[in-house]
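Visitor: I should like a close look at a single part of this model. Please describe how two of its helices pack together, and then place that part in its wider setting.

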Amino acid sequence: MDQQQIDEHFMGRALELAYQAMELDEVPVGALIVRDHQIIAAASNQRQMLKDPTAHAEMIAITQAAAAIGDWRLEKTTLYVTLEPCPMCAGAILQSRVPRVVFGASDPKAGAVTSLFQLLEDDRLNHQSEVVAGIKAEPCGRVLTDFFASKRALGKK
C-alpha cells in the first residue's frame, strides 16, 4: 500500500468513530493515533457525555496515546481526525510533538491547521507537524452536515 491508501484506510476508521459519536448525540468527529501502522489510540468527541468542553476527539486520543506509549512525546505517530483541528487541539498536537496530522473536512469557522490559522506549520513555534488535508473530505464533511441538519430539524418541531 502507498501512503495515500494507508491514509484513506485509517481515515475510514476515524470516520467509523465519528458515526459512533453521532449515535451518542455527540458532534461526530473521530480521531486515531497510529504508530508503526498500529492504532494506539481511538476516540470520538465526548463533550456532552463528560460535560467537558475540552473533550474533543483529538484531546482524548492524545491522552490515550501518551498512556499507551508511556511518554508525553508522541514521536513517530500520525494523528488522523475527521475534522480540521481547532486552536485548542492544534496546541495539544504541538505540545505532544505529533509529527504528522491527516484530517478530512476543513473547518472554516474554527480550523487552526489550514482554514483560519496554520498553527501546525508555523515556523515561529518550537515544533511543527506535517499536514495532509482533505483525505475523505466529502464523507467526513457529510457526517457533520447531516448531524447539524438533523439538530436543526428537531429544533423546528
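Guide: The account below begins with the helix pair and then turns to the annotated region and a loop. The model is a predicted one. The pair consists of helix 3, residues 57–69, and helix 4, residues 87–95, whose axes come within 9 Å and cross at roughly 20°. Because angles under 35 degrees count as roughly parallel, helix 3 and helix 4 are roughly parallel to each other. Their crossing is left-handed. On the side of helix 3, the contact is made by Glu58, Met59 and Ile62, which meet Met88, Cys89, Ala92 and Ile93 of helix 4. Sorted by class, this contact has 6 nonpolar residues, 1 charged residue and no polar ones.

As for the setting, an unreviewed UniProt entry carries the annotation "domain: CMP/dCMP-type deaminase" for residues 5–132. Over residues 5–132, helix accounts for 35% of the chain and strand for 23%. The C-alpha atoms at the ends of that stretch are 13 Å apart.

The loop between strand 1 (30–35) and strand 2 (38–44) contains Asp36, and His37 is found in that loop as well. Most residues other than glycine have a negative phi. Asp36, however, has a positive phi, near 55°, and His37 likewise has a positive value, near 65°. As to solvent, Asp36 counts as exposed because its relative accessibility is 61%, where exposed means over 50%. His37 is also exposed, with a relative accessible area of 55%.

Key: Residues are numbered from 1 along each chain as its sequence is written. This is a predicted model: local features need pLDDT of at least 70, side-chain atom pairs count only at pLDDT 80 or more; totals for chains, interfaces and linings use all residues. Side-chain values use heavy atoms; hydrogens and water are left out. Axes are lines fitted to C-alpha atoms, for helices over the stretch in contact, and angles run from 0 to 180 degrees between N-to-C directions. Helices (H or I, at least four residues) and strands (E, at least two) are DSSP runs, numbered from the N terminus. Angles under 35 degrees count as roughly parallel, over 145 as roughly antiparallel, 65 to 115 as roughly perpendicular and the rest as oblique. A crossing is left-handed if the near helix is turned anticlockwise from the far one by less than a right angle, and right-handed if clockwise. Contact means heavy atoms within 4.5 Å. Ala, Val, Leu, Ile, Met, Phe, Trp, Tyr, Cys and Pro count as nonpolar, Asp, Glu, Lys and Arg as charged, and the others, Gly among them, as polar. UniProt positions are given in the numbering used here, feature names are shortened, and annotations may be inferred rather than shown by experiment. Buried means under 20% relative accessible area, exposed over 50%, partly exposed in between (1.4 Å probe, protein chains only).
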